[in-house]
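Let's take a walk through this structure, one salt bridge and one helix at a time. Have the model open and follow along.

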Amino acid sequence: MSMAMMSWLPPILGGAMVGVAAVGLMATHGLIAGVSGLMRTALTPGNSHRASRGAFLVGAVLAGAAYLVVSPNEATPTSNATPIWVVVAGLMIGLGSYYANGCTSGHGVCGLGRFSPRSMVAVGLFSVVGAISLLVSRALLGGAL
Amino acid sequence: MKPLVVALGWGVLFGAGLVTAGLIHPQVIQGYLDVTGAWDPTLLIALCTAVAVYAPLFFLITRRQRPVLAACFALPNSSRIDLRLIAGAATFGAGWGLAGMCPGANLAGLAGGGQISLLFLGCWLAGTFLGKLLDAVQTNQSPASDSEASAPQSRAFG
C-alpha cells in the first residue's frame with residue numbers, strides 16, 4: 001500500500017464510524033447528532049430525551065479516555081493557542097453554534113447528509129471564515145497565539 | 001434504560017471515529033483551514049466519508065414512521081437562510097480557525113487534552129448561554145424557550 005493510501009485510511013475509517021454513529025442516533029432516537037445542539041438541549045429543561053442526549057456526549061468523552069488507556073504513547077491533543085485565545089475561541093464557538101444552530105457535526109455531518117440548504121451555507125461559510133481567521137491570526141500574532 | 005445505553009454506545013462510536021480520524025488534534029483541524037500553507041485533507045476526507053455514509057441511510061431510515069426507540073423524528077424544519085445563520089456560522093468559523101477546536105473534537109479529546117480542553121469546554125458552554133441570554137433580553141424579557149414543543153423553529157440541531 002502506498003504512503004498516500006495509508007494516510008487516507010484513518011480519516012476514511014474514522015469518518016465512516018462518525019457517519020454510522022450519527023445516523024444510528026437518528027434511527028434509534030430520531031435525533032440529529034450535532035454535539036453543540038445535543039449539549040445545549042441536554043442542559044435545557046423541557047427537552048425530550050435529555051438523558052440520552054447527555055449519554056451520547058458522555059460516550060464521546062469515554063471513547064477518548066479509552067483510547068488514552070489503550071495507547072498511552074500516542075500524542076494527546078495540544079493547541080498552539082495561548083489560554084486567552086482559547087477563551088476567545090471558545091466563546092465564539094459557543095455563541096456562533098448557538099446562532100447558527102449547529103457546529104461541525106450538526107451542520108457538517110448530519111446537515112450535509114440530509115442535503116439541508118442551511119447547512120450547506122453554514123459549512124461553506126465557517127470553512128471560509130475559519131481559513132481567513134487562521135491566516136489573519138498567524139499574520140498578526142505569529143507564534144504568540 | 002435501553003435508550004440511554006444505546007445513545008451511550010452511539011456516542012462511544014462517534015468519539016472513537018473522531019479519535020481514529022485524528023480530528024481531536026487542533027493542528028489537524030487547522031490543517032484543513034490552512035489553504036495558503038501546509039493544507040491537510042484529513043478533515044475533508046473524514047467529513048466526506050461521514051456524509052456519504054449518513055446520507056443514504058438517513059433517507060432510508062426517515063421513510064419509517066418513527067425511530068426505533070422514540071415517538072418521532074426531531075428534524076429541523078427551517079430552511080430560511082437568514083442573518084442569524086450567517087452571523088452564527090461566521091462567528092463559529094472565526095473561533096474555529098483561531099484555536100482549531102470545535103465541540104465534537106473537544107469532547108473526544110477531553111480526556112487527554114488537559115486544562116486547555118477544559119477551558120475551551122467551559123467557554124463554549126459560556127458562549128452558548130450568552131447567546132440564550134441575549135435572545136431572552138431581545139424577546140421582551142421572556143426567556144427564549146428551548147423546548148421543542150414551543151420553539152418557533154426546531155432547535156434539535158447541533
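Start with Asp135(B), which is buried, with a relative accessible area of 5%. Here "buried" means under 20% relative accessible area, "exposed" over 50%, and "partly exposed" in between, with a 1.4 Å probe and protein chains only. Before going on, some ground rules: this is a predicted model, where local features need pLDDT of at least 70, side-chain atom pairs count only at pLDDT 80 or more, and totals for chains, interfaces and linings use all residues. Residues are numbered from 1 along each chain as its sequence is written, chains are lettered from A and ligands numbered from 1 in the order in which they are written, and side-chain values use heavy atoms, with hydrogens and water left out.

What does Asp135(B) pair with? Its side chain meets that of Arg84(B) in a salt bridge, 3.0 Å being the value for another pair we'll get to, and 2.8 Å, N to O, the value here. A salt bridge is a side-chain nitrogen of Lys or Arg within 4 Å of a carboxyl oxygen of Asp or Glu. Arg84(B) sits in helix H4 of chain B and Asp135(B) in helix H6 of chain B, so the pair ties together parts that are 51 residues apart in sequence. Helices (H or I, at least four residues) and strands (E, at least two) are DSSP runs, numbered from the N terminus. Unlike its buried partner, Arg84(B) counts as partly exposed, at 27% relative accessibility.

Now look along the helix that holds Asp135(B). H6 of chain B covers residues 114-138, and at 1.5 Å a residue its 25 residues should span 36 Å; the end C-alpha atoms are 37 Å apart, which agrees. That expected span is 1.5 Å times one less than the number of residues. The buried residues of H6(B) include Phe120(B), Leu121(B), Cys123(B), Trp124(B), Lys132(B) and Asp135(B). What covers the buried residues of H6(B)? The cover includes H2 and H4 of chain A, along with helix H4 (83-99) and helix H5 (103-108) of chain B.

One residue of chain A to pick out here is Val87(A), which is in helix H4 of that chain. Leaving aside neighbours within four places in sequence, Val87(A) is in contact (heavy atoms within 4.5 Å) with Leu119(B) and Cys123(B). At 24% relative accessibility, Val87(A) counts as partly exposed.

Helix H2 of chain B (residues 26-33) is mostly covered, with 7 of its 8 residues buried. Among them are Pro26(B), Ile29(B), Tyr32(B) and Leu33(B). Here the cover includes H6 of chain A, plus helix H3 (42-61), H4 and H5 of chain B.

That brings us to the contact between the chains. It takes 111 residues from chain A and 108 residues from chain B. The size of an interface is often given as the accessible area lost when the parts come together. For chain A and chain B the buried area is about 9,600 Å², and carbon and sulfur atoms give 74% of that. The figure is the accessible area (1.4 Å probe) that two parts lose on being put together, summed over both. In chain A, Tyr98(A), Tyr99(A) and Arg118(A) lose the most area to chain B, together 8% of what that side buries.

There are 18 residue pairs in polar contact between the two chains, both residues at pLDDT 80 or more. A polar contact is a pair of N or O atoms within 3.5 Å; within protein, one must be able to donate a hydrogen and the other to accept it, and residues adjacent in sequence count only if both atoms are side-chain atoms. The elements of chain A that give two or more residues to the side touching chain B are helix H1 (3-29), helix H2 (35-42), helix H3 (50-70), helix H4 (83-100), helix H5 (104-113) and helix H6 (117-141). H1(A) gives the most, with 21 residues. By class, that side of chain A has 65 nonpolar, 41 polar and 5 charged residues. Ala, Val, Leu, Ile, Met, Phe, Trp, Tyr, Cys and Pro count as nonpolar, Asp, Glu, Lys and Arg as charged, and the others, Gly among them, as polar.

How many salt bridges are there between chain A and chain B? The count is 2. In one, the side chains of Asp34(B) and Arg138(A) meet at 3.0 Å, N to O. Another joins the side chains of Arg118(A) and Asp82(B) at 3.7 Å, N to O. Arg118(A) lies in helix H6 of chain A and Asp82(B) in the loop between H3 and H4 of chain B, so the pair joins two chains. Both Arg118(A) and Asp82(B) are buried.

Asp82(B) also meets Arg80(B) in a salt bridge through their side chains (3.3 Å, N to O). Arg80(B) is exposed, with a relative accessible area of 54%. Arg118(A), Arg80(B) and Asp82(B) are thus linked in a network of salt bridges.

Last, a stop at the backbone of chain A. Asn101(A), in the loop between H4 and H5 of chain A, has a phi near 60°, a positive value in a residue other than glycine. At 5% relative accessibility, Asn101(A) counts as buried.
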